[in-house]
Every structure is written in C-alpha cells, then in structure tokens.
Amino acid sequence: MNIRRSTYLRSPSGQLGSTTAGLVFGLGLAVAGWFAIGPDHFVYAFVVQSAFLFMALLTGPALVDVARYRYRVRPFEPRIYTLLGAEALRRLLGLVGWNRIIEQMRRTEQGASVTARFLRGTEQSETGHLLGFSATAVLAIMAAATSHPRGAAQILLLGMILHLYPVMIQRITRFRITSRRTNINGSGH
C-alpha cells in the first residue's frame, strides 16, 4: 500500500488531484469561514491560516519546478531575514523539536543524496508557504476593502508568522547548505 500511495502522489495526475484538493479546501474554508465566523474574529484568522497551511502542504510539491530561478538566494538575504527575526524563530523551532520532524520528512524526498533531498524539501516548503502567503495577502486586501481592518490585520499578522517567516527560514537554510557546498568544492566565495 505504501508503494501504491507514493506512486500516486508522484504521478502527474496524483499531484494535480492533491493540488486541486488543497486549493478547494483552503479557498473553500476561507469563503465559508468569512460568512460563518466573520473576518474580524480571531478564530477566523486562525481557521483560514490552518486551511492555507494545508493548502500549502498539498500544492507546494506540485509547483516546486515552476520558475526555479526563484530558489537562488543572494548573499545579502540571510542577513536581512536574521534582522527580521527569522533566525530566532528557526532556533525556537529547533528547541521545540519541529525541525527534527521536518528533517525526517525531507529524508523521504527523491534525490541522489541526502543534501539534494533536503534542498528539494526546502524548495517545496518555500513554494507552499509562498502560495499560502499569497492567499493570505489577497484575503487581507479583501478584508480591508470591505471595511474589516481589524480582520485584515489579524489575517496578515498570523499569515506572516505561519507563511512569510517559514519562507525566510527555508532561504537561510538553503543559503547555508549551498554556500557550504560551493566552498567545499572550491568554487565559492
């Protein structure tokens, strides 16, 4: 069963199905919650961000190979992300054990080496979280445009913590791995 499941998830139709399911679930819950709870309630911000996280989990792997140039991390980026607190959050996630869970998940990725699989996992995570933050930004704009500034602020704040900071963390991690690899191979800085 495990073989069939992993084959299904790796096949194009399996990815298309999971992507569609993720989008329908995430966006459907955002719309349903808007009318059931209301955009100004903090519970709505929490529910919608949970839905966007699920959407990111399902859609990230399918969209990882689109516009691959975006994964290149420039040397100045990690310094900016560290100043914004992403490194502190990464360390906190390490202390509570989250990074260990993610590392185990990344070992199951396809790739020639452990490093290649880990890098691919950072790309998938970044892609999913970018999609989640994009949905967050659109929803926050809609809330602000419909006279719900408090709801827009809550949605955006929670979305930044759950999506934008993970993108920064992935980019810091990928920069460290690729710059170390480049320096080991002798063609680095």
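**Group meeting talk: salt bridges and helices in a predicted model**

Hi everyone, let's start with one pair of residues: E87 and R90 form a salt bridge, and their closest N and O atoms are 2.5 Å apart. By salt bridge I mean a side-chain nitrogen of Lys or Arg within 4 Å of a carboxyl oxygen of Asp or Glu.

Before going on, a word on what we are looking at. This is a predicted model, in which local features need pLDDT of at least 70 and side-chain atom pairs count only at pLDDT 80 or more, while totals for chains, interfaces and linings use all residues. Residues are numbered from 1 along each chain as its sequence is written, and side-chain values use heavy atoms, with hydrogens and water left out.

Back to our pair. Where do E87 and R90 sit? They are three residues apart in helix α5, residues 86–96, so about one helical turn separates them. Helices here are DSSP runs of H or I with at least four residues, strands are runs of E with at least two, and both are numbered from the N terminus. Is E87 buried or exposed? E87 is buried, at 5% relative accessibility, while R90 is partly exposed at 23%. For those words, buried means under 20% relative accessible area, exposed means over 50%, and partly exposed is in between, using a 1.4 Å probe and protein chains only.

Now let's step back to the whole chain. The protein chain has eight helices and zero strands, so please don't go hunting for a sheet! Of its 189 residues, 37% are buried. Its accessible surface is about 11,200 Å², and carbon and sulfur atoms account for 67% of that. Those areas come from the Shrake-Rupley method with a 1.4 Å probe, and for residues only the protein chains shown count as cover.

What about contacts, meaning heavy atoms within 4.5 Å? Taking contacts between residues at least 6 apart in sequence, 74% join residues at least 24 apart.

Here is an example that spans the sequence. R171 and E126 form a salt bridge, with the closest N and O atoms 3.0 Å apart. R171 belongs to helix α8, residues 149–185, and E126 to helix α7, residues 114–145, so the pair ties together parts that are 45 residues apart in sequence. Both R171 and E126 are buried.

Another salt bridge joins the side chains of E77 and R74, at 3.7 Å from N to O. E77 is buried, with a relative accessible area of 7%, whereas R74 is partly exposed at 36%. How are these residues linked? R74, E77, E126, R171 and R174 belong to a network of salt bridges. In total, the count is eight salt bridges.

Let's turn to how two helices meet. The axes of α3, residues 42–63, and α7 come within 7 Å and cross at roughly 140°. Axes are lines fitted to C-alpha atoms, for helices over the stretch in contact, and angles run from 0 to 180 degrees between N-to-C directions. That makes α3 oblique to α7, because angles under 35 degrees count as roughly parallel, over 145 as roughly antiparallel, 65 to 115 as roughly perpendicular and the rest as oblique. Residues making this contact include Y44, F52 and L63 of α3, and Q124, H129 and L139 of α7.

One last residue: Q154, in helix α8. Q154 is buried at 15% relative accessibility. Beyond its neighbours within four places in sequence, Q154 is in contact with P39, D40, H41, F42 and A45.

Thanks for listening!

Note on methods. Contact means heavy atoms within 4.5 Å.
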